[in-house]
Amino acid sequence: MVFSSTIFLFLFLPLTLMVYYNPWFTGREFRNRFLLFASLLFYAWGEPVFVLLMIISVVIGWYVGLHLGEASGLTRKRQRRWLTVGCAFHVGLLFVFKYLTFAAQQFGLLLSQDFSAIHIALPIGISFFTFQLLSYLFDIYYGKAEAQRSVLNVGLYIALFPQLIAGPIVRYDLIEKQILSRQENWNDIVDGMIRFIYGLGKKVLIANYAAQIADDIFDSGATLSMATAWLGVMAYTIQIYFDFSGYSDMAIGLGRMFGFRFAENFNYPYICRSATEFWRRWHISLGSWFRDYVYIPMGGNRVSRPRWVWNLFVVWALTGIWHGANWTFLCWGLFYFVLLLVEKLTGFTERLGGLAHIYALLAIMLGWVLFRSPDISHAVTYMGMMFGVGSAGVMDSIAWMYLTDGWFMWALGILLSMPVVPYIQHRFAASRGWQFAEPLLAGGIFLLSVLMTVSSSYNPFIYFNF
């Protein structure tokens, strides 16, 4: 089930809200248990088998967490043993379902053997809920949070449907108290609905349209003109931002409807002036997860320069691999490792002035070519066509068609990639007229989004694959 489906919008969400806010059962325990039940139903709708895998992961995480909490009063060595057990189980499970097929294929190529029979289906959202379980264990180990005695509360933290499938990655230390003592109110419900609708509009009205252009160009297999190649990566640049940030907006809005406050996951990343700044603004929950649970425990930048470079390498290799079992993702992560290393060692972006923004966008788009391509060969060929190597000329009728037919999407995508909406909200926040205008605007976006959803079957979410 996806947030932008009619089943979710007109059946699942309204029924969940009605039962959650029923006037007869209003206790925290009832609401938490019902929300857990609804979340498991949400996941089982599309993954009826793998919901059992998630439940097993939750039970193991809860059990290990209890022992981690008990060991805190004993020896650090015993705590480390339990942490190792928990990490080994969850990382091992992630490896089996996400990476074993790829590893077997590469091993088969090395030995000239056919291991194509090994094919394991990927549970939706396994990378997200695995990292949240690891966050739970790490936070107990580092003394940031206490072990949860109730397995149902751990289950709610992991399975909470707003952020279950595609994030943001919610840290346990930031949500521990909200599970037990959050306060719902009408203003949060309304604000959550508006935030959800803005995310829905991003997804349905912009990302889906851009996705069709990106897919047509990247998957054509034809020799492209330079202009068409650039339009393809520009469309994907718009698609992936509005797809993922739209989902995050919907998740944050849904969480707000039920009294939860999730941290922001995006901060207009395309206005950055360096790759370093881009990653402070893009997928913030993933970047902070690797910083706090990998980079800093390894020593961060408080070590010798060679060790610091190694720490960066490990973090960015893992960042790339987290996104998928393909050499393209690893190269994409290492591409950013090189960019960030050069930026930190030379500080050259500070001397570029206004050109820094152009450099950053160019680097980001080249990275998206790697990210979107099925293999390294396709990525190299595509990049070559972008710069005239093996291309079908500079401009052609296909490029003109995409420019003229999609001009509104291009304009809207570029405009909303900048902090226009926050400016308007801040500028007119105190205005009585805006208090009436914003709900009307949200209602219009919702109706238009529903019309687009009903009329089109094209409704993928990129980060469901991770």
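This is a short dialogue on reading selected features of a predicted model.

Student: What should be known about the model before reading it?
Tutor: The model is predicted; local features need pLDDT of at least 70, side-chain atom pairs count only at pLDDT 80 or more, and totals for chains, interfaces and linings use all residues. Residues are numbered from 1 along each chain as its sequence is written, and side-chain values use heavy atoms, with hydrogens and water left out.

Student: Where is glutamine 148, and is glutamine 148 buried or exposed?
Tutor: Helices are DSSP runs (H or I, at least four residues), numbered from the N terminus. Glutamine 148 lies in the loop between helix 5 (126–141) and helix 6 (151–159). Buried means under 20% relative accessible area, exposed over 50%, and partly exposed in between (1.4 Å probe, protein chains only). At a relative accessible area of 10%, glutamine 148 is buried.

Student: Which residues is glutamine 148 in contact with?
Tutor: Contact means heavy atoms within 4.5 Å. Leaving aside neighbours within four places in sequence, the residues in contact with glutamine 148 are Trp62, Leu66, Tyr136, Asn153, Val154, Tyr172 and Leu180. The side chain of glutamine 148 also reaches the backbone nitrogen of serine 150 at 3.4 Å.

Student: How is helix 5 covered, and what follows helix 5?
Tutor: Helix 5 is mostly covered, with 16 of its 16 residues buried. Glycine 143 follows helix 5 and has a positive phi, near 75°.

Student: How does the length of helix 8 compare with what it should span?
Tutor: The expected span of a helix is 1.5 Å times one less than its number of residues. For the 33 residues of helix 8 (residues 186–218) that is 48 Å, and the end C-alpha atoms are 45 Å apart, which agrees.

Student: Where does helix 8 bend?
Tutor: The bend at a residue is the angle between axes fitted to the seven residues ending there and the seven starting there. Helix 8 bends by about 35° at alanine 207.

Student: How is a pair of packed helices described?
Tutor: Two packed helices are described by the angle between their axes and the distance between the axes. Axes are lines fitted to C-alpha atoms, for helices over the stretch in contact, and angles run from 0 to 180 degrees between N-to-C directions. The axes of helix 9 (residues 226–257) and helix 16 (residues 397–405) come within 8 Å and cross at roughly 35°. Ala227, Thr228 and Leu231 of helix 9 make the contact with Ile398, Ala399, Tyr402 and Leu403 of helix 16.

Definitions and conventions:
Helix = DSSP H or I, 4+ residues; strand = E, 2+ residues; numbered from the N terminus. Polar contact = N/O pair within 3.5 Å; in protein donor to acceptor, adjacent residues only side chain to side chain.
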